[in-house]
Amino acid sequence: MAALSDLLGAVVSDVEGVFLFSPSSSHYERFADAELDVELVVVAPENAVGADPYVELPLEFTNVRDRIRFGIEGAFEQGLVEEGDAIACSVGVFGGDADGVIRVRIEESMRSGIYDLFANSRAEPGVIRDVFEVAIELGKKGQKGKPVGALFVVGDAGKVMNKSRPLSYNPFEKSHVHVGDPIVNVMLKEFSRLDGAFVISDAGKIVSAYRYLEPAAEGVDIPKGLGARHMSGAAITRDTNATAIVLSESDGLVRAFKGGQIILEIDPEEY
Ligand SMILES: Nc1ncnc2c1ncn2[C@@H]1O[C@H](COP(=O)(O)OP(=O)(O)OP(=O)(O)O)[C@@H](O)[C@H]1O
Ligand SMILES: [Mn+2]
């Protein structure tokens, strides 16, 4: 009869690396002291245990799938993993302490650019996440069942306002509302039926809706077939330090632009 640990051992057999997500120092030290012949990587919002290599998590994701996905992408950026590697992730699913081990096979498709979007944008990571989630949700559900498009310009709002003009009255004119407030998500979805862009500050304040963007579009190179919404979204990120998150009405994909370049393309149905 096989012992339980033999049966469960399959989860960690032949892995190239062990990823410890937000380990306590005693948990980390047990692994470090064991001098395993696999790479030991710590993934956490802060490197409290002084590990090297270390991957910074831009956010403490409560969703374990998201947490692991981001950790892997960050590891990709540092060249710590490559396609085909198998790794074991030690995570705390029900609280701080590690209570789960998850085996992941690394695929090139895990490298979506989303890590870079969160870690290296000017706006706060939590703000990018909230806007991104609104775009994904809108893409999944549409507005009253119909596909909708939307354009969110996040960060460097003063400059973005200078390079745009109003199409209509600004419903956020005198308000002090932030992305992530539940009521705001409803408003954003409602207003996304209407024309133009949302402008959002680094800290997540909704500065304006209905903005017509007028950036210089020269030198902006985006995939052929994308129209004016995507072109203006991409171009404003070349003219300013903003990030643009665009939901396409015609193909239903969410794309992100930074520095005038497309950095991410995601199908909301698969997210
Ligand atoms: N310069 C701009 N600034 C803000 N919003 C814009 C701008 N240009 C277009 N839009 C918005 O994008 C909408 C769709 O335009 P268009 O079809 O050309 O874009 P697209 O890139 O093809 O996007 P979609 O895939 O959603 O159709 C317009 O109705 C308008 O609301
Ligand atoms: Mn179009």
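What pLDDT does the chain average, and what share of the residues score at least 70? The average is 92, and 100% of the residues score at least 70.

## Model and confidence

This is a predicted model. Its scores are ipTM 0.99 and pTM 0.84. Where pLDDT is low, predicted coordinates should not be read in detail. Here 100% of the residues reach at least 70.

## Overall layout

The chain holds 8 helices and 12 strands. Its C-alpha atoms fill a box of roughly 70 × 40 × 35 Å along the principal axes. Of its 271 residues, 37% count as buried.

Two domains divide the chain: domain 1 spans 2-112 and domain 2 spans 121-270. Their centres, taken over C-alpha atoms, are separated by 33 Å.

## The open sheet

An open sheet is built from 7 strands. Their order is β7-β9-β8-β6-β10-β11-β12, and the pairing is mixed. The edges are β7 (164-166) and β12 (261-266). Each has a single partner strand, so one side of each is left without a neighbour in the sheet. On average, neighbouring strands are turned by 30° against each other, direction ignored.

## Strand β6 and its partners

Which residues of β6 lie on each side of the strand? Ala150, Phe152 and Val154 take one side, Leu151 and Val153 the other. Every one of these is buried, so both faces of β6 are covered. In a regular strand, side chains alternate between the two faces of the sheet. The burial count for β6 is 5 of 5 residues, so the strand is largely enclosed by the rest of the structure.

β6 (residues 150-154) pairs with β10 (residues 243-247) in the antiparallel sense, over 5 bridges. Three of the bridge partners can be traced along the strands. Phenylalanine 152 has isoleucine 245 as its partner in β10. Valine 153 is bridged to alanine 244. Valine 154 is bridged to threonine 243.

β6 also joins β8 (residues 197-200), through 3 bridges, and these two strands run parallel. Valine 154 takes part here too: its bridge partner in β8 is isoleucine 200. Valine 154 thus has a partner in β10, threonine 243, and a partner in β8, isoleucine 200.

## Strand β10 and the hairpin

Is β10 enclosed or open? 5 of its 5 residues are buried, so β10 is largely enclosed by the rest of the structure. Thr243, Ile245 and Leu247 point one way, while Ala244 and Val246 point the other way. All are buried.

β10 pairs with β11 (residues 254-258) in the antiparallel sense, again by way of 5 bridges. Leucine 247 of β10 stands opposite valine 254 in β11. The two strands form a hairpin with 6 residues between them. In the turn, glycine 252 has a positive phi of about 75°.

## Around ligand 1

How many residues surround ligand 1, and which are the closest? There are 16 residues, and the closest are Gly149, Gly227, Ala228, Arg229 and Ser232. Two elements give two or more residues to this shell: β9 (206-213) and α8 (228-239). The largest share, 4 residues, comes from α8.

By class, the shell has 6 nonpolar, 7 polar and 3 charged residues.

## Exposed features

Helix α2 (residues 25-34) is hardly covered. Among its 10 residues, the buried count is 1. Glutamate 35 follows α2, and its phi is positive, near 45°.

Aspartate 181 sits in the loop between β7 and α7 (182-191). Is aspartate 181 buried or partly exposed? It is partly exposed, with 13 other C-beta atoms within 10 Å. The cut-off for a buried residue is 20 or more such atoms, and an exposed residue has 12 or fewer, so a value in between is called partly exposed. Aspartate 181 is also far along the chain from aspartate 14: they are 167 residues apart in sequence. In space, the two are 45 Å apart, C-alpha to C-alpha.

Key
Residues are numbered from 1 along each chain as its sequence is written. Chains are lettered from A and ligands numbered from 1 in the order in which they are written. This is a predicted model: local features need pLDDT of at least 70, side-chain atom pairs count only at pLDDT 80 or more; totals for chains, interfaces and linings use all residues. Domain bounds come from an automatic or database domain assignment. Two strands pair if DSSP finds at least two bridges between them. Axes are lines fitted to C-alpha atoms, for helices over the stretch in contact, and angles run from 0 to 180 degrees between N-to-C directions. A residue is near a molecule or strand if its C-beta atom, placed from the backbone, lies within 6 Å of it. Ala, Val, Leu, Ile, Met, Phe, Trp, Tyr, Cys and Pro count as nonpolar, Asp, Glu, Lys and Arg as charged, and the others, Gly among them, as polar. pLDDT is the predictor's confidence in each residue, from 0 to 100.
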